[in-house]
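Ready for some practice in reading a protein structure? Take a look at the model below, then work through the exercises one at a time.

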Amino acid sequence: MALIPMRTLLDHAAEHGYGVAAFNVNNMEQIQAIMMAADETESPVIVQASRGARSYSDDNYLRHLMLAAAELNPKLPIAMHLDHGNSAATCISAMDMGFTSVMMDGSLEEDGKSPASWDYNVGVTREVVQAAHSRGITVEAELGCLGGIEDGQGAGLSEEEAQDHLTDPEEAGRFVAETGCDALAVAIGTSHGAYKFKKKPTGKVLRMEVIREIHQRMPDCHMVMHGSSSVPKELVDIINEYGGSMPETYGVPVEDIQEGIRHGVRKINVDTDNRLAITGAIRKAFMEDGSQFDPRYYLKPARAAMAEVCKARMLAFGQAGHAAGVEVKSLDDLKAFYASA
Ligand code: G3H
Ligand code: 13P
Ligand code: ZN
């Protein structure tokens, strides 16, 4: 099956009340891990690459690895998404390289650091929506700012500062109407990376009511949760048991994500949990047998550990079992859909 527009997956998820995990990738083993989990759970798939991933792997490798994943898994619908595009040019270069969905993150300026104005965000998002929809490609936008920094992208807000940049539900309605985006990333107090919360988050810092209110105002809006790794203690413990030094930290509990899914969240971004699983498995392999030097010795368990995380999220978010139900639509089908809207 060819790579399909992400909008198709989000619409199906909304119709059937589930969420789809969007996993970040940088290399072949990560793509294989996702596909192993999707095959086992019969899940629709969103694979995403950041700007950092694109420069690490090169677009050509990524595109051909994704095409291989689609060729080897003809029964699974797969979307390939750009994570946190920082400009229209970045998004357009991804479209040219075969991505079927892009995120224009106009919540930050092009430097990827400074919180942007409303006018900048609306203007640049609208520009990307026009370019993308004329090709049938999906657009995710963001309103409000997350905490943390990844790949130099992010305002670097602390847990406390992130509370001042939450998405305003009233503004969200205007933003979606003015930009025509297909999906909206919302800021609810989470941040990228492993250090989200200093203790198990309560409703004071993880503001699920923002999601509930947006859903009430716009029941058809596909919301996206970023910074949604759960940072399981077991994974951090493995890293520390085998020579790592990660301090105590907390992520977004799976139950809160499930609540979000009941209120319009359709895409959930997960990268850190997979990084933790991979790192723990590699550390363990190194410590268990220092005489090994074949990369397959440690990459195989790393890939299997990531597949386990992906499988657990696919089951928890409800996407498992839905692959066959997704009506496959091409970019041309979506192009016609947008043209007639
Ligand atoms: O956007 C969040 C992901 O964790 C990507 O991270 O920019 O370091 O590739 P990255
Ligand atoms: P985590 O760092 O919580 O995995 O978030 C990833 C993300 O939001 C990618 O855009
Ligand atoms: Zn993100």
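Before we start, one definition: a helix axis is a line fitted to C-alpha atoms over the stretch in contact, and the angle between two axes is taken between their N-to-C directions, from 0 to 180 degrees. Please keep in mind that this is a predicted model.

**Exercise 1. Two helices that meet**

Task: Find how helix α2 and helix α13 are arranged: what is the angle at which their axes cross, and how should it be described?

Solution:
- Step 1. Locate the helices: α2 covers residues 28-41 and α13 covers residues 295-317.
- Step 2. Look at the axes, which come within 8 Å and cross at roughly 45 degrees.
- Step 3. Classify the angle. Under 35 degrees would count as roughly parallel, and 65 to 115 as roughly perpendicular. The angle here is roughly 45 degrees, and α2 and α13 are therefore oblique to each other.
- Step 4. Add the handedness: the crossing of α2 and α13 is right-handed.
- Step 5. See which residues meet. Those from α2 include Ile34, Met36 and Ala37, while those from α13 include Leu299, Met306 and Leu315.
- Step 6. Sort the residues of this contact by type: twelve are nonpolar, three polar and four charged.

**Exercise 2. Two residues with positive phi**

Task: Asp58 and Val231 both have a positive phi. Where is each found, and is each buried or exposed?

Solution:
- Step 1. Start with Asp58, whose phi is about 80 degrees although Asp58 is not a glycine. Asp58 sits in the loop between α3 (51-57) and α4 (59-72).
- Step 2. Count the neighbours of Asp58: 12 other C-beta atoms lie within 10 Å. The cut-off for exposed is 12 or fewer, so Asp58 is exposed.
- Step 3. Turn to Val231, also not a glycine, with phi near 45 degrees. Val231 belongs to the loop between β7 (222-225) and α10 (233-241).
- Step 4. Count again: Val231 has 20 other C-beta atoms within 10 Å. The cut-off for buried is 20 or more, so Val231 is buried.

**Exercise 3. The whole protein**

Task: How many helices and strands does the protein have, and how compact is the protein for its length?

Solution:
- Step 1. Count the elements: there are 14 helices and eight strands.
- Step 2. Compare the radius of gyration, 19 Å, with the 20 Å that the globule rule gives for 341 residues. The two values are close, so the protein is as compact as a globular protein of that length.
- Step 3. Check burial: buried residues make up 51% of the 341 residues.

Notes
Residues are numbered from 1 along each chain as its sequence is written. Chains are lettered from A and ligands numbered from 1 in the order in which they are written. This is a predicted model: local features need pLDDT of at least 70, side-chain atom pairs count only at pLDDT 80 or more; totals for chains, interfaces and linings use all residues. Helices (H or I, at least four residues) and strands (E, at least two) are DSSP runs, numbered from the N terminus. The radius of gyration is taken over C-alpha atoms; the globule rule is 2.2 Å times the number of residues to the power 0.38. Angles under 35 degrees count as roughly parallel, over 145 as roughly antiparallel, 65 to 115 as roughly perpendicular and the rest as oblique. A crossing is left-handed if the near helix is turned anticlockwise from the far one by less than a right angle, and right-handed if clockwise. Two residues are in contact if their C-beta atoms, placed from the backbone, lie within 7 Å. Ala, Val, Leu, Ile, Met, Phe, Trp, Tyr, Cys and Pro count as nonpolar, Asp, Glu, Lys and Arg as charged, and the others, Gly among them, as polar.
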